[in-house]
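Student: I'm new to this one and would like to go through it slowly. Can we start with the pockets and then move on to other parts?

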Amino acid sequence: MIGAIEAGGTKFVCAVTEDGEKILDKVMIATTTPAETLQKVVAFFDCFSIHAIGIGSFGPIDVNKDSPHYGYITSTPKVGWDYFNFIGSIREKYKVHVAWTTDVNASAYGEYHKGAARDVSSCLYLTVGTGIGGGAIINGNILEGFSHPEMGHILVRKNKQDLFKGICPYHEDCLEGLASGPAIEARYGVTATTLYNRKDVWELIADYLAQAIFTYTLALRVEKVIIGGGVMNHTNLYIMIRQKFKQLMNDYISTPNLEEYIVAPALNDEQALIGCFLLAQDLLNKN
Ligand code: ZN
């Protein structure tokens, strides 16, 4: 059996599969201290005979196999989790292969093989929620250089009417600082759900997201951009983003039809878990 851990800043989701796709059992665990959270993760996996585990984790994480901190969550502001040895803690309990990547890379991998991008050879997955992050798959490989991309912190052109300075402690007005869920709530001082009918709010967020996708498109030329995350529950955002993207691109380069280019995930919030299963399965097949 294969296990998956989708490790988020607010919750962990653990699941098991036999065939790499169908979830046989699943548990949600609140992210508290590493010790307490991992204890619950282990309590779940102890009920099964696991041969490999895939982890898609919140970041930043160390994915460089030559680094002494490979398998660690690194400089996160999340209390107790900075320089947490994630792979080490799992291997202490289970002598199995462990696949390790970011939560968004796992989602991209799941959508690439089984979801919205299953018919193309490259895609980008962007999550817009508590934070903003992205991962890309090119010809079946996760895009990585020295480390994983940090697509949420790219700079965008500030809308002149937007006087909000942003919430990112490093850059203030980067994409995550301006367009993540907490940034929306901090800008208006109310919860995002109470803003649901405020067209101006979503036009602004769509503008920033379209600018980001414009940049990713020019840099990577992937065949599909999949956007997930809680903020995207405002489904009109997809339409608004496509419109703004079209204006920005101004026919400079060709893209697929925008209804097919900028899309929602197709795996019902299971994309990260399925990506983790597949990455763990890849490891099993290789070894
Ligand atoms: Zn930033």
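Tutor: Gladly, and one term comes before the rest: a pocket here is an open set of grid points where a 1.4 Å probe fits, with protein on both sides within 12 Å along at least five of seven lines. Please also keep in mind that this is a predicted model.

Student: OK, so how much space lies in the second largest pocket?

Tutor: The second largest pocket holds about 490 Å³ of space. Its lining is made up of 19 residues, and those nearest the centre are K65, W100, I142, L279 and K286.

Student: What kinds of residues are in that lining, nonpolar, polar or charged?

Tutor: The lining of the second largest pocket divides into 10 nonpolar, 4 polar and 5 charged residues.

Student: And which helices and strands supply at least two residues of the lining?

Tutor: Those are α2 (86–93), β7 (97–102), β10 (141–142) and α9 (271–286), and the largest share, 5 residues, comes from β7.

Student: Where does the second largest pocket lie relative to the two domains?

Tutor: It lies between them, because domain 1 (2–103 + 268–286) and domain 2 (116–263) both give residues to its lining.

Student: You mentioned β10. What is the strand order in its sheet?

Tutor: The order is β10-β9-β8-β11-β12, in an open sheet of 5 strands with mixed pairing. Since β10 and β12 (262–263) stand at the edges and each has a single partner strand, one side of each is left without a neighbour in the sheet.

Student: How do β8 and β9 pair, parallel or antiparallel?

Tutor: Strand β8, residues 122–128, pairs with strand β9, residues 132–138, in the antiparallel sense over 7 bridges. As one example of who faces whom, S122 stands opposite I138 in β9.

Student: What's going on in the loop after that, between β9 and β10?

Tutor: That loop contains N139, whose phi is near 50°, a positive value in a residue other than glycine. Most residues other than glycine have a negative phi.

Student: Changing topic, which residues are the protein donors of the zinc ion?

Tutor: They are H153 and H171, each through ND1, and C168 and C174, each through SG, lying 2.1 to 2.4 Å from the zinc ion. The site is tetrahedral, with angles of 102 to 119° among its 4 donor atoms, and the donor residues are spaced H-x14-C-x2-H-x2-C in sequence.

Student: What do β2 and β3 form?

Tutor: They form a hairpin with 5 residues between them, and G20 in the turn has a positive phi of about 85°. Strand β2 (residues 11–17) and strand β3 (residues 23–30) pair in the antiparallel sense over 7 bridges, and the bridge partner of K11 is A30 in β3.

Student: Last one: which peptide bond is cis?

Tutor: The bond from G59 to P60 is cis, with omega near 0°, and P60 is found in the loop between β4 (52–57) and β5 (72–73).

Conventions:
Residues are numbered from 1 along each chain as its sequence is written. This is a predicted model: local features need pLDDT of at least 70, side-chain atom pairs count only at pLDDT 80 or more; totals for chains, interfaces and linings use all residues. Side-chain values use heavy atoms; hydrogens and water are left out. On a 1 Å grid over the protein atoms alone, a cavity is a set of points where a 1.4 Å probe fits but cannot get out, and a pocket is an open set with protein on both sides within 12 Å along at least five of seven lines; lining residues have an atom within 4 Å of a point. Grid points are joined across faces, edges and corners, and a volume is the space filled by probe spheres set on the points. Helices (H or I, at least four residues) and strands (E, at least two) are DSSP runs, numbered from the N terminus. Ala, Val, Leu, Ile, Met, Phe, Trp, Tyr, Cys and Pro count as nonpolar, Asp, Glu, Lys and Arg as charged, and the others, Gly among them, as polar. Domain bounds come from an automatic or database domain assignment. Two strands pair if DSSP finds at least two bridges between them. Donors are N, O and S atoms within 2.8 Å of the metal (3.2 Å for Na, K and Ca); water is not among the atoms, so sites may look incomplete. Four donors count as tetrahedral if all angles lie between 85 and 135 degrees; four count as square planar and six as octahedral if opposite donors are over 155 degrees apart and all others between 65 and 115; anything else is irregular.
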